[in-house]
Amino acid sequence: MSVRHALLALLTEGPKYGLQLRQEFEARTGDVWPLNVGQVYTTLQRLEREGHAESDDAERDGVQKRFRITEGGAAELDRWLRTPPGTVPPPRDELVMKVQVAVRLPGVDVRDILQTHRRQFVEEMQRYTTLKAEASPDDIGLGLVVDAELFRLEAVVRWLDAADARLLRQPLQPPQVPAPSAAAAAGRATKTPRRRVGARR
Amino acid sequence: MTAVLSMRKVSKVYGSGAAAVTALRQVDLDVEVGELVAIMGPSGSGKSTLLTIAGSLEEATEGKVRVCDADVSDLSADAQARLRRRSIGFVFQDLNLLAGLSAAENVALPLELDGIGSRAARARAMGVLEELGLADREGAYPDDMSGGERQRVAIARAVVGDRRLLLADEPTGALDSANGESVMRMLRSACKRGLAGVMVTHDSQLAAWADRVVFLRDGRVVDQTAPSPGPEALLTRDATR
């Protein structure tokens, strides 16, 4: 989530103080993403350095600075709005890794591990759904944030279901440890083609 | 305890001998007034069988099923039919409404079938449509309604009268997410008003509307969600994940 761009968007409505920006940010994201005030000021300083925002020149003691968006800031906001966020998956998804490890561990019931995760993800979805059910239908900020979380969690649950079905179709054989080959013993690299899935950052 | 539905060690076997298929194994389930329970599980895990047995549409091979304090296996076929008409409402994925009847007539139908005069039945149907925010659609015919409206009228029909148990099998069917959500909101509020609800689904987003989610695998209850600590638990998380 880009706090920087969210603040720029709030500044398009007119000049605002730091504390005001923090309050408005939280209100518009349905209070799901609290923001600390230090983070707001560091972000505003960065926007100023980049020339995307400017503040009142004459800063007097005890008076809060007001920030306004520059032309460059408006152009940056427009560019950000039209650019899809990176869809590159994280280099190592912990859950995928955990299940990969579990299928090879003797004495571990992988389907049980999948179910434990499924239950906890569904419990989290229940909490988000209750939040949505109890909120006013006019609270669009909250609705958008909660839907995004629900779809993200649903995707994980669907992956768990697919993993479950895959394991049911092809129960894993205990891993076979290959005997060291003459080539390996001689210290030569074996040329097994390696598949790369996803990005390694 | 105010369990409207109570299942104890319920098993269901189809066929016999070498061809026997066990659909449910020793299932225990209680659903109380005001509670909506979702049953999740992969295809073939026994979800729909559980629902048909809870609704006395099929008999359990073993175990006890109690609906509204009556042991279903003690009831005659007639008494079971009366229990279904008066106390149990069903909502299925589709084919819920009769095309030749308006929304109000569809909702009044189960009451009329149960011997209530058509004027009284109509008045109670209107009451439910109003409660569920559908009063302006009373005269609409199913063909003139959207998919979401048809499902909401079907829920109104399932809860009209003195129904105590609401049974739903994939109630949002092929609806888009906005319509699916409005159907789930209605189902949830219908239960809060004094029914016990059981909904079968494979969709985690729908199941998340329930107070409790029960997981079936190979005909067995393998897990269920803990009572929710409430949405406040979500608000303390780090903002910049």
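This report covers the sheet of chain B, the contact between chains A and B, and the domains of chain A.

The model is predicted: local features need pLDDT of at least 70, side-chain atom pairs count only at pLDDT 80 or more, and totals for chains, interfaces and linings use all residues. Residues are numbered from 1 along each chain as its sequence is written, and chains are lettered from A in the order in which they are written.

Chain B has an open antiparallel sheet of four strands, ordered β2-β1-β4-β5. Strands (E, at least two residues) and helices (H or I, at least four) are DSSP runs numbered from the N terminus, and two strands pair if DSSP finds at least two bridges between them. β2 (21-32) and β5 (70-71) of chain B each have a single partner strand, so one side of each lacks a neighbour in the sheet. Two bridges link β4 (residues 62-67) of chain B to β5(B); B:Val67 has B:Ala70 in β5(B) as its bridge partner.

Chain A contributes 23 residues to the contact with chain B, and chain B 22 residues; contact means C-beta atoms, placed from the backbone, within 7 Å. On the side of chain A, α6(A) gives the largest share, 12 residues.

Domain bounds come from an automatic or database domain assignment. The centres of the two domains of chain A, taken over C-alpha atoms, are 35 Å apart.

| Domain of chain A | Residue range | Residues in the contact between the domains |
|---|---|---|
| domain 1 | 3-82 | five residues |
| domain 2 | 94-169 | five residues |

Key
Contact = placed C-beta atoms within 7 Å.
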